[in-house]
Amino acid sequence: MNNTIRITWYFYKSLIIWSLLVSFFAIYYVFEGQLNIALAFIIKIFGYVSVLGVRYLNYNSTKTNFYFRNAGYSINRLYVYTFSFDFLIFTILIFLSTIR
């Protein structure tokens, strides 16, 4: 389990900047009252789709993810772990920002 968390963190580090930008953008506009929560979640999902698109177009996964594959981890499973963790953090932050 500890290895899975470490490998997932290494995988998440390559996606963290884009995820944080989309999260802070959505949270800021929810906090300002310009977006509702449902639209913020839709923006976050579009952020995930754009991350997958950029990773697919720029970093062909057959060439760049040898480290994770050689460690015995599925790239699809790492995406699920990473996006689940990021979405959980985003959900917590969005609800904390709506409490006034």
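Me: What supplies the area that the chain exposes, and how is that area obtained?
Reply: In this predicted model, the chain exposes about 6800 Å², of which carbon and sulfur atoms supply 68%; accessible areas come from the Shrake-Rupley method with a 1.4 Å probe, and for residues only the protein chains shown count as cover. Local features need pLDDT of at least 70 and side-chain atom pairs count only at pLDDT 80 or more, whereas totals for chains, interfaces and linings use all residues. Residues are numbered from 1 along each chain as its sequence is written, and side-chain values use heavy atoms, with hydrogens and water left out.

Me: Why is Thr 82 called buried?
Reply: Buried means under 20% relative accessible area (exposed is over 50%, partly exposed in between, with a 1.4 Å probe and protein chains only); Thr 82 has a relative accessible area of 1%, so Thr 82 is buried. Leaving aside neighbours within four places in sequence, Thr 82 is in contact (heavy atoms within 4.5 Å) with Thr 8, Phe 11, Tyr 12 and Leu 15.

Me: How do you know that the span of helix H2 agrees with its 16 residues?
Reply: Helices are DSSP runs of H or I with at least four residues, numbered from the N terminus, and the expected span is 1.5 Å times one less than the number of residues. For H2 (residues 16-31) this gives 22 Å, and the end C-alpha atoms are 22 Å apart, which agrees.

Me: Which residues of H2 are buried, and why are they said to line one face?
Reply: Ser 19, Val 22, Ser 23, Ala 26, Ile 27 and Val 30 are buried; seen down the axis, they fall within an arc of 125 degrees, so they line one face of the helix. That arc is taken from the directions from the helix axis to the C-beta atoms.

Methods. Helix = DSSP H or I, 4+ residues; strand = E, 2+ residues; numbered from the N terminus.
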